[in-house]
Amino acid sequence: MKCGIVGLPNVGKSTLFNCLSNAKAQAANFPFCTIEPNVGTITVPDRRLNKLAELVKPQRIVPTTVEIVDIAGLVKGASKGEGLGNQFLANIRECDAILHVLRCFDDPNVVHVDGSVDPVRDKEVIDIELQLKDLETVEARIKKVEKQAQIGEKEAKRRYELLSRIRVALLKGQSARSVVTANDDPALLNEFQLLTTKPVLYVCNVEEKSAVTGNAHVERVRTAVANEQAEVIFVTAAIEAEIAAL
């Protein structure tokens with residue numbers, strides 16, 4: 001499994017990457033510190049594996065691993081190529097899931113690309129860019145299957161119906177995963193390679209004093225994603241990275 005860390009520039013993506021991985025990335029107080037994606041591999045703790053090992057007594061235990069990719073920051077216009085957007089969106093397309101990092105701390109010494117801290121606005125910037133890129137993909141695919149679907153070709157009709165449903169959601173500013181159901185064919189969705197069908201975990205990067213309880217920024221994010229199929233966690237990435245480095 002491969003997880004991509006995404007977000008605006010300078011929100012703590014590389015710092016989070018350093019928390020999770022032994023492959024250390026440069027984390028600095030300026031936008032686009034990361035250009036090429038950093039890649040690391042982490043093992044997944046699983047108590048069930050230890051219990052099974054006690055019963056089976058294998059020669060060695062091999063835990064599940066996850067590949068973590070620190071992707072450079074996206075900006076407005078990324079879907080049209082702004083800020084090397086095409087390259088960064090391609091990096092996201094290769095991932096199975098998304099860790100969306102949101103800056104949820106106030107610090108005048110840390111630069112924000114938009115000049116102020118607003119995690120909900122930041123989330124919407126990324127969402128819109130991913131949705132626009134997906135809309136471009138969906139409309140191109142609809143053109144390819146529309147004629148066959150109209151004459152009743154079964155597979156083309158199936159693709160056309162799913163693509164049309166996703167297109168309606170994207171035009172409403174909703175991610176594709178909001179209209180995907182358990183009845184939809186996973187193989188078909190994988191074939192489309194859409195960005196907004198990927199599962200997402202929102203990671204709120206908070207200051208040290210909010211490490212236990214979170215803060216008002218985190219609550220705003222929770223409210224904003226209440227209707228999405230997504231979870232929200234908060235972490236003090238800088239402190240966690242320092243601990244991981246010990």
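## A tour from the sheet outwards

Begin with the open sheet of this predicted model, in which six strands follow the order S2-S3-S1-S4-S5-S6 with mixed pairing. Colour strand S2 (38-43) and strand S6 (230-235) to mark the two edges, where each strand pairs on one side only. On average, and with direction ignored, neighbouring strands of this sheet are turned by 25 degrees against each other.

Next, select strand S1 (residues 2-6) together with strand S4 (residues 97-103): the two run parallel and are joined by four bridges. Within this pair, pick Gly4, whose bridge partner in S4 is Ile98. Now add helix H4, which packs on the sheet by touching S4 and strand S5 (200-205), with a direction that makes about 145 degrees with that of S4. Helix H7 (residues 216-224) is another one to display, since this helix lies across S4, S5 and S6 and runs at about 175 degrees to S6.

Stay with H4 (residues 119-150) and select Lys123, which lies in this helix. Is Lys123 buried or exposed? With a relative accessibility of 6%, Lys123 falls under the 20% cut-off and therefore counts as buried. Show the side chain of Asp127 as well, because a polar contact of 2.4 Å joins it to the side chain of Lys123. If residues up to four places away in sequence are set aside, Lys123 touches His100, Leu102, Tyr202, Val225 and Glu228.

Then turn to the nonpolar interior, and select Ile92 and Leu130, the two residues that touch the most other members of the largest nonpolar core, which has 39 residues. The element that gives the most to this core is S4, with five residues. Around Leu130, leaving aside neighbours within four places in sequence, the contacts to display are Leu74, Leu89, Ile92, Ile98, Leu195 and Thr196. A second core, separate from that one, has 17 residues, among them Leu162, Leu163, Leu170 and Leu189.

From here, move to Ser175, which is placed in the loop between helix H5 (154-171) and helix H6 (186-192). Its relative accessibility is 10%, so Ser175 counts as buried. Measure-style labels can be drawn from the side chain of Ser175 to the side chain of Gln131, which form a polar contact at 3.3 Å. Not counting residues up to four places away in sequence, Ser175 touches Gln131, Ala169 and Thr196.

Helix H1 (residues 13-20) is a short stop: it is mostly covered, with seven of its eight residues buried. To see which ones these are, select Lys13, Ser14, Thr15, Leu16, Phe17, Asn18 and Cys19.

Finish with the cysteines, for which a search of the whole structure finds zero disulfides. Why is Cys3 not bonded to Cys95, the residue that holds the closest cysteine sulfur? The two sulfur atoms are 7.5 Å apart, which is too far for a bond. Cys3 also counts as buried, because its relative accessibility is 9%. Cys204 is in no disulfide either, and the nearest cysteine sulfur, in Cys104, lies 3.7 Å away. Since its relative accessibility is 0%, Cys204 counts as buried.

How values were computed:
Residues are numbered from 1 along each chain as its sequence is written. This is a predicted model: local features need pLDDT of at least 70, side-chain atom pairs count only at pLDDT 80 or more; totals for chains, interfaces and linings use all residues. Side-chain values use heavy atoms; hydrogens and water are left out. Buried means under 20% relative accessible area, exposed over 50%, partly exposed in between (1.4 Å probe, protein chains only). A polar contact is a pair of N or O atoms within 3.5 Å; within protein, one must be able to donate a hydrogen and the other to accept it, and residues adjacent in sequence count only if both atoms are side-chain atoms. Contact means heavy atoms within 4.5 Å. Two strands pair if DSSP finds at least two bridges between them. Axes are lines fitted to C-alpha atoms, for helices over the stretch in contact, and angles run from 0 to 180 degrees between N-to-C directions. A nonpolar core is a set of buried Ala, Val, Leu, Ile, Met, Phe, Trp, Tyr and Cys residues joined through side-chain atoms within 4.5 Å. A disulfide is a pair of cysteine sulfur atoms within 2.5 Å.
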